Amino acid sequence: KQWYQRRVRAEGSIAEETTKILEITIDSVNNITRSTDTIGKIDPYVILYGNGQMLGKTKPVDNAKSCVLNELFVIKPKGDPRSVQFKIDLMDKDDIGDDDEVGSGAFNQAAEESLSNKIVNLKWKGQDIGS
């Protein structure tokens with residue numbers, strides 16, 4: 001997770017605009033211990049929320065308890081980018097019926113010392129299920 005400011009100045013104009021951009025990379029899913037499928041492994045994907053609003057979701061990966069997702073999300077937060085509180089839902093893509101929630105995790109950027117390489121521990125009904 002990182003954020004930066006981009007300045008735009010119109011040629012011959014006094015107006016200046018500063019846009020704060022927040023980049024979030026969902027790197028991987030690791031060592032998922034909970035299975036929602038009776039046959040095979042889960043087909044994991046992640047839904048990313050910021051302050052309760054869905055920001056996007058990754059593509060599902062077939063039959064994996066650990067996988068690299070490496071998907072970048074770019075958002076323009078209102079106010080201070082560090083004020084965005086994130087929630088991550090790990091889902092299992094199903095071809096038939098609704099997708100299953102495998103677990104979820106959250107973090108508050110304002111409480112974090114560093115924003116790089118943040119590992120979010122996932123839980124299901126209070127039990128650790130991976131990261």
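**Figure 1. The whole chain, seen through its contacts and strands.** Among contacts in the protein chain between residues at least 6 apart in sequence, 51% join residues at least 24 apart. Keep in mind that this is a predicted model. The secondary structure adds up to nine strands and zero helices, so reading along the sequence gives the pattern β-β-β-β-β-β-β-β-β, where an element counts as a strand if it is a DSSP run of E with at least two residues. As for burial, 35% of the 131 residues in the protein chain count as buried.

**Figure 2. Inside the largest nonpolar core.** This core has 22 residues, and Ile26, Ile32 and Leu90 are the ones that touch the most other members. Several strands chip in with at least two core residues each: β2 (16-29), β3 (44-50), β5 (67-75), β6 (85-92) and β7 (100-108). Zoom in on isoleucine 32 and, leaving aside residues up to four places away in sequence, you'll find it touching Ile42, Lys65, Leu90, Val102, Leu122, Ile129, Gly130 and Ser131. Leu90 turns up in that set of contacts, and Leu90 is also one of the members that touch the most others in the core.

**Figure 3. Threonine 58, a buried loop residue.** Here we're in the loop between β4 and β5, which is where threonine 58 lies. Threonine 58 has a relative accessible area of 5%, and it counts as buried because that is under 20%. What does threonine 58 touch, not counting residues up to four places away in sequence? The contacts of threonine 58 are Ile26, Tyr45, Val46, Leu69, Glu71 and Phe73. Ile26 should look familiar, being among the residues that touch the most other members of the largest nonpolar core.

**Figure 4. The β3-β4 hairpin and its turn.** Strand β4 (residues 53-57) runs antiparallel to β3, and four bridges join the two. Look across from glycine 50 and you'll see glutamine 53, in β4, standing opposite. Two residues sit between the strands of this hairpin, and asparagine 51 takes a positive phi near 50° there. Asparagine 51 also has a visitor from another loop, as serine 83 touches Asn51.

**Figure 5. Serine 83 and its surroundings.** Serine 83 is found in the loop between β5 and β6. Buried or exposed, or something in between: where does serine 83 fall? With 37% relative accessibility, serine 83 counts as partly exposed, because the value lies between the 20% and 50% limits. Setting aside residues up to four places away in sequence, serine 83 touches Asn51 and Lys78. Pan over to alanine 111, which is 28 residues from serine 83 along the chain, and the C-alpha atoms of the two are separated by 9.4 Å.

**Figure 6. The β8-β9 hairpin.** Strand β8 (residues 122-124) pairs with strand β9 (residues 127-130) in the antiparallel sense, over three bridges. Leucine 122 has glycine 130, in β9, as its bridge partner. Both of those residues, Leu122 and Gly130, are also touched by isoleucine 32. This hairpin has two residues between the strands, and lysine 125 takes a positive phi near 50°. A salt bridge shows up here as well, with the side chains of aspartate 128 and lysine 123 meeting at 2.6 Å, N to O. Of that pair, aspartate 128 is exposed at 52% relative accessibility, whereas lysine 123 is partly exposed at 38%.

**Figure 7. Two further salt bridges.** The structure holds three salt bridges, and this view picks up the pairs outside the previous figure. In one, aspartate 89 meets lysine 87, with the closest N and O atoms 3.0 Å apart. Aspartate 89 is buried, at 6% relative accessibility, while lysine 87 is partly exposed, with a relative accessible area of 36%. In another, lysine 93 pairs with aspartate 99, and here the closest N and O atoms are 4.0 Å apart. Lysine 93 counts as partly exposed at 35%, and aspartate 99 is partly exposed too, at 24%.

**Figure 8. Charges over rings.** Which residue lies over the face of tryptophan 124? That would be arginine 34, at 3.8 Å from the ring centre. Lysine 87 makes a return appearance, lying over the face of tyrosine 49 at 5.4 Å from the ring centre. Lysine 87 is the salt-bridge partner of aspartate 89 as well. As for rings pairing with rings, the count comes to one aromatic pair.

Definitions and conventions. Residues numbered from 1 in each chain as written. Predicted model: local features only at pLDDT ≥ 70, side-chain atom pairs only at ≥ 80, totals over all residues. Heavy atoms only, no water. Core = buried A, V, L, I, M, F, W, Y, C linked by side-chain atoms within 4.5 Å. Buried < 20%, exposed > 50% of the residue type's maximum accessible area, 1.4 Å probe, protein only. Contact = heavy atoms within 4.5 Å. Pairing = 2+ DSSP bridges. Phe/Tyr/Trp six-rings, centres within 6.5 Å; stacked < 30°, edge-to-face > 60°. Lys NZ or Arg CZ within 6 Å of the ring centre and 35° of its normal.
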